[in-house]
Amino acid sequence: MGAPFLRPEDATARDAIDEIAAELAMFDDWMDRYQYIIELGRKLPEFPLDWQNDAHRVPGCQSQVWLEAKEEDGRLYFAGASDAAIVSGLVALLLRVYSGRKREEIRATDPVFLHELGLVKALSTNRGNGVEAMARAIIARASA
């Protein structure tokens, strides 16, 4: 399995969260962090145009966000995209944490890390709600 599904770089979801925290800490201010997040979004695998529809759309996001999941060898792999640059980066962050994990690990990884990393506070209210909606959609998929 390859693109558009993201393979994990980190051994566990917790490792991914810790790495993201370390990477964000390298920047002195949120403008630099936003730029870094946007760059992550640009590196996402190409999301098929025929998946950019209501069936794949994540409700609760200000921008359009689409997710797809595929199970292989007991692990869920996610693909995602957005029509907004910063949101694509947030999709990339979430996929880094959740994609390629077993259902139990996904369900056990509370999206509270979005608050711990300062992401929700640093974003507009709508974007903060949207990134939490994306995380809930991923966890719901793992619970289905």
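Let me begin with proline 111, which, leaving aside residues up to four places away in sequence, touches Tyr98, Ala135 and Ile139. What we are looking at is a predicted model, and I will speak of it with that in mind. Proline 111 sits in the loop between α4, residues 103-108, and α5, and with a relative accessible area of 17% it counts as buried, because the cut-off for that class is under 20%. For a sense of distance, the C-alpha atoms of proline 111 and alanine 85 are separated by 21 Å, while along the chain these two residues are 26 apart.

One of the contacts of proline 111, Tyr98, leads on to the aromatic residues. A search of the whole structure finds 5 aromatic pairs. One of them joins tyrosine 98 to phenylalanine 113, in a tilted arrangement with 6.1 Å from centre to centre and 50° between the planes. This pair links distant parts of the chain, since tyrosine 98 belongs to helix α3, residues 85-98, and phenylalanine 113 to helix α5, residues 113-116, with the two positions 15 residues apart in the numbering. Both partners are buried: tyrosine 98 has a relative accessibility of 0%, and phenylalanine 113 has a relative accessible area of 3%.

Staying with the rings, Phe5, Phe47 and Trp51 are linked by ring pairs into a cluster. Phenylalanine 5 lies in the segment before α1, and at 10% relative accessible area this residue is buried. If we again leave out residues up to four places away in sequence, phenylalanine 5 touches Trp51, Glu68, Ala69, Lys70, Tyr77, Phe78 and Ala79. Its C-alpha atom is separated by 21 Å from that of tyrosine 36, which is 31 residues away along the chain. A further ring to mention is that of tryptophan 30, where arginine 33 lies over the face at 4.9 Å from the ring centre.

That brings me to the sheet. Here 3 strands form an open sheet with antiparallel pairing, in the order β1-β2-β3, and the edge strands, β1 and β3, each pair on one side only. Helix α7, residues 125-143, packs on this sheet and touches β1 and β2, with a direction that makes about 25° with that of β1.

How many bridges join strand β1 and β2? Strand β1, which covers residues 65-72, pairs with β2 in the antiparallel sense over 8 bridges, and within that pairing valine 65 has serine 82 in β2 as its bridge partner. On the other side, β2 and strand β3, residues 101-102, pair in the antiparallel sense over 2 bridges, and there arginine 75 stands opposite lysine 102 in β3. Why can we call β2 largely enclosed by the rest of the structure? The reason is that 7 of the 8 residues of this strand, which runs over residues 75-82, are buried.

The turn deserves a separate word. β1 and β2 form a hairpin with 2 residues between them, and aspartate 73 lies in that loop. Although aspartate 73 is not a glycine, this residue has a positive phi of about 50°. Is aspartate 73 buried or exposed? With a relative accessible area of 71%, aspartate 73 is exposed, as the threshold for that class is over 50%.

I will finish with a helix pair, which takes us back to α3. The axes of helix α1, residues 13-25, and α3 come within 7 Å and cross at roughly 140°. On the α1 side the residues that take part are Ala13, Ala16, Ile17, Glu19, Ile20 and Glu23, and they meet Leu93, Arg96 and Val97 in α3. Sorted by class, this contact of α1 with α3 has 6 nonpolar and 3 charged residues, with no polar ones.

So, to draw the threads together, helix α3 takes part in the contact with α1 and also carries tyrosine 98, the residue that pairs with phenylalanine 113 and is touched by proline 111.

Definitions and conventions
Residues numbered from 1 in each chain as written. Predicted model: local features only at pLDDT ≥ 70, side-chain atom pairs only at ≥ 80, totals over all residues. Heavy atoms only, no water. Buried < 20%, exposed > 50% of the residue type's maximum accessible area, 1.4 Å probe, protein only. Helix = DSSP H or I, 4+ residues; strand = E, 2+ residues; numbered from the N terminus. Pairing = 2+ DSSP bridges. Phe/Tyr/Trp six-rings, centres within 6.5 Å; stacked < 30°, edge-to-face > 60°. Lys NZ or Arg CZ within 6 Å of the ring centre and 35° of its normal. Contact = heavy atoms within 4.5 Å. Axes fitted to C-alpha atoms, helices over the stretch in contact; angles between N-to-C directions. Nonpolar A, V, L, I, M, F, W, Y, C, P; charged D, E, K, R; others polar.
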